[in-house]
Structures are given as C-alpha cells and as structure tokens.
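Biologist: I've got this model open and I'd like a close look at one part of it. Could you pick a strand, walk me through what surrounds it, and then work outwards from there?

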Amino acid sequence: MKKTAKWISVLVSAMVLASSLCACGGSGQKAAESPTTKASAAESGAKGSGEAESSKQWKAALVTAQKLGDQGVTDLCHGGFMKAAEEYGMDTQIVEVQKGEYEESIRALCEDGYNIVVALNVELVDATSKVAPDYPDVNFILTLGEVELDNLKCLLGQEHEGSYLAGVEAGMITKTNHIGFIGGQDNAEINRFLAGYEQGAKSVNPDIVVDPVYVGSFEDPTKGKDLALMLYNQGCDIVYAAAAKSGLGMFDAAKETGGLCIGVDVNQNDVLPGQVIGSMAIAYDKWIYDAMKEIAEDRFVAGVFWNGLKGDNVYLALPTKEQYDLPDDVLKAVEEAREKVASGEIIVDPTAQKDRTQ
C-alpha cells in the first residue's frame, strides 16, 4: 500500500509534524510519528534484480522545493522515483519542503534513517551540499546543482541544446519576427533555456527579436498567463515558457489570443492542439530511476553529470500532423540542427545574450 506524507515543518529542535501529501507542487518535514510507506514490488508487477542480490532495506525520500502537480519536471522526477522504489521494494517518503526549512528537512530525513535522499530544484542545492558531508552513508541525488561530494550524484540537463531546436522551429514559423520567452526565475538554470532558444532562432532568422520576461515564481500560473498575454499583445506570435507550474498559464493566454506556444519539460503538444508547435522535453524521470537503480544494485557513482541531446536526454518533441502540421522545411531544419548539436558541430552557449553583455 502506497502512502505519501507532506512534511509541513521541521524545527531545529527536531520537533516534527506529519500530514498527508497534497499533490500540486512544492515542500516539507520529518515525520517521526508517522509510518513510512513501502512501495510494494507486487504492485509494480516485478522485483528488480538488485533487490534479490541485496538484503539491505532501502529507505528513499524525495524532497522537492516545488510542489507536485506541475505537469513538468517535479512530476517527472516523482514518476522516476516511484518506479525505482516499487521495483526495489523501498520504503518511501515524499517531502514538499517549505522555504526556510530546506536544510533542517533534509537533515531530519537522514536522522530518521533514510539512506537515499533525492533533492529536486535549484533551491535545495545549498542545503544538500551542507548536509551530505555529515552523512557519508546516505546516498544523495540532486537535480540542478553542481556539487562534488563522495556521496552525491548531481544530474543536470543541457536545456540550452534542446531549446536551440525550439528556437530554430520558432524562428522559421514566426510571421512577426518577434517571439517571447517566460522564465520562472531570472537565474542561470532557467536562462539556459533562453540562451538556446534565442541562438536557435537567430541561426535561421538573424533579424528576429526575442523578448524574455520572468514570473519570479514557479507556482503562479495566473501571473504566467498575464505575462504571456502581454507578450502576445506586444506582437510576439510564439511564446516559450520554462516556468514549471507558472508556465501553464501560457496555454490559457494562447487559447485566448490564438497565439502559438512551445511546451517544456514533458510533451505538452496535446494541451492545445493547433497551437503548440513542439515541446522541449527532458528525461528527468529516467535519470532519477537510473541513479536509484545504481544505488540499489551497489554500483552508485558520485559526480556531476550533464545530459544533452546526445542520447535523447533532452529533445524537441514534435507534434503529430493532427496536433500541428509542421512544414517539411521546418522539420528538415530541426533535424539538421539536432544532428549538428548532438555531434558537437554546433556548440550552444549556455549563457543568455542579456547575461553575456552585462
């Protein structure tokens, strides 16, 4: 029987309260009084080979600073986490951690015997890097961070490579020579999306204008919609959002205005057929699953791992003809760009133009 618990707060004094998980979005606390949940291999249909080889009981926690329900990276990571937990019979805990409680929440999990801690989002990089050295027997997996520790695997996507393809597509389809970008926050991680997008667009349309705006949050689809409406009303005929849950507002704005848009993180081409021209997808679920499998099979490798177009770790998911009928020249240009980026013939700069000129 699967259960998840939402960790509401962790006090430095180790007082903790447990509550049931609210699926929608981001972060948590230690539940000493509440039972952990065991992901049953019977429910998943089979046990992993690693479980048969080791009698060690794994307790795995997923800690996220962004809430489940974003239909993007957080949900993807959760899917990979649960798949591995079910396959290897791991006890699990889901922690949607509150701002200001990052370090205490992760530390409490380690004290409570969790020997696998998966930390999501850039907000948790500092907390994870501080806690991990104090618990050398705990295996840590971190997304969106570059930290070198003996018990930490950092998983990052080369979003600028996949976004380059989105830019090529947008640069060829636009009729106004004016396209927009919505970021959740103005930081280096999100601006990798912008960097590739603008470089790809300019590679096929040197005169194109790319306007970036930022929500300031990954949890505000209303503001995301307002910003998308602003971009459409200012002449952008295509908008690309890298803003997690905030980016969902872009689809509402596109529906109201008739504008075109590009999805992110997962294949969102069916969200608004006829208006979504593609989705820059990222295989976070596979990365999390593979890392947890390594741990369960006693072959965990720590380090910083960048994943790009090579191996389809990031990729542009193109719509079907029924979803959006892309012209043949656009399909050809995207494929040629994919091959050149994957082979290294084209090197995409991960730094956005606005940051290179500061």
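**A close look at strand β7**

Modeller: Let's start with a unit you can trace by eye: β6, helix α5 (residues 125-131) and β7 together form a β-α-β unit, and it is right-handed. Keep in mind that this is a predicted model.

Strand β7 itself covers residues 139-143, and five of its five residues are buried. Look at the two faces of β7 in turn. On one side sit Asn 139, Ile 141 and Thr 143, on the other Phe 140 and Leu 142, and all of them are buried. That split follows a simple pattern: in a regular strand, side chains alternate between the two faces of the sheet. For β7, both of those faces are covered.

Now the neighbours in the sheet. Strand β6 (residues 116-120) runs parallel to β7, and four bridges join the two. If you want one pair to click on, take Val 117, whose bridge partner in β7 is Phe 140. Strand β8 (residues 152-157) also runs parallel to β7, again with four bridges. Here the pair to pick is Ile 141 with Lys 153 in β8.

Between β7 and β8 there is a loop, and Asn 151 is found in it. Is Asn 151 buried or exposed? Asn 151 counts as buried because its relative accessibility is 8%, and the cut-off for buried is under 20%. What does the side chain of Asn 151 reach? The answer is the backbone oxygen of Ala 132, at 3.1 Å. Setting aside residues up to four places away in sequence, Asn 151 also touches a good list of others, including Tyr 135, Pro 136 and Val 138. Asn 139 and Phe 140 of β7 are on that list too, as are Phe 300 and Ala 302.

From β7 you can also step over to a helix. Ala 291 belongs to helix α10 (residues 284-296). Leaving out neighbours within four places in sequence, Ala 291 is in contact with Ile 141, Lys 153, Leu 155 and Phe 300. So the bridge pair I asked you to click on, Ile 141 and Lys 153, turns up among the contacts of Ala 291. Ala 291 is itself buried, because its relative accessible area is 1%. Try a distance too: the C-alpha atoms of Ala 291 and Val 118 are 9.6 Å apart, though 173 residues separate them along the chain.

That fits with the chain as a whole. Among contacts with a separation of 6 or more, 70% are between residues 24 or more positions apart. The chain has 358 residues, 58% of which count as buried, and its secondary structure comes to twelve helices and 15 strands. Its accessible surface is about 14600 Å², with 50% of that belonging to carbon and sulfur atoms.

For something to set beside β7, go to strand β9 (residues 178-183), where six of the six residues are buried. His 178, Gly 180 and Ile 182 lie on one side of β9, with Ile 179, Phe 181 and Gly 183 on the other, and both faces are covered. From β9 the chain crosses through helix α7 (residues 188-204) to β10, in a right-handed β-α-β crossover. Strand β10 (residues 209-214) pairs with β9 in the parallel sense over six bridges, and Gly 180 stands opposite Asp 211 there. Strand β11 (residues 238-242) pairs with β9 as well, in the parallel sense over five bridges, with Gly 183 opposite Ala 242.

β11 leads on to helix α9 (residues 248-257), in which Leu 248, Gly 249, Met 250, Phe 251, Ala 253 and Ala 254 are buried. What do the buried residues of α9 pack against? They pack against β11, along with α8 (221-233), β12 (260-265) and β13 (276-282). Right after α9 comes Gly 258, with a positive phi near 85 degrees.

One last thing you may want at the bench: the cysteines. How many disulfides does a search of the whole structure find? The search finds zero. Two cysteines to look at are Cys 236, which counts as buried because its relative accessibility is 3%, and Cys 261, which is buried with a relative accessible area of 0%.

Terms used
Residues numbered from 1 in each chain as written. Predicted model: local features only at pLDDT ≥ 70, side-chain atom pairs only at ≥ 80, totals over all residues. Heavy atoms only, no water. Buried < 20%, exposed > 50% of the residue type's maximum accessible area, 1.4 Å probe, protein only. Contact = heavy atoms within 4.5 Å. Areas by Shrake-Rupley, 256 points an atom, 1.4 Å probe, with all protein chains shown as cover. Pairing = 2+ DSSP bridges. Right-handed = clockwise from strand over helix to strand, strands pointing away. Polar contact = N/O pair within 3.5 Å; in protein donor to acceptor, adjacent residues only side chain to side chain. Disulfide = S-S within 2.5 Å.
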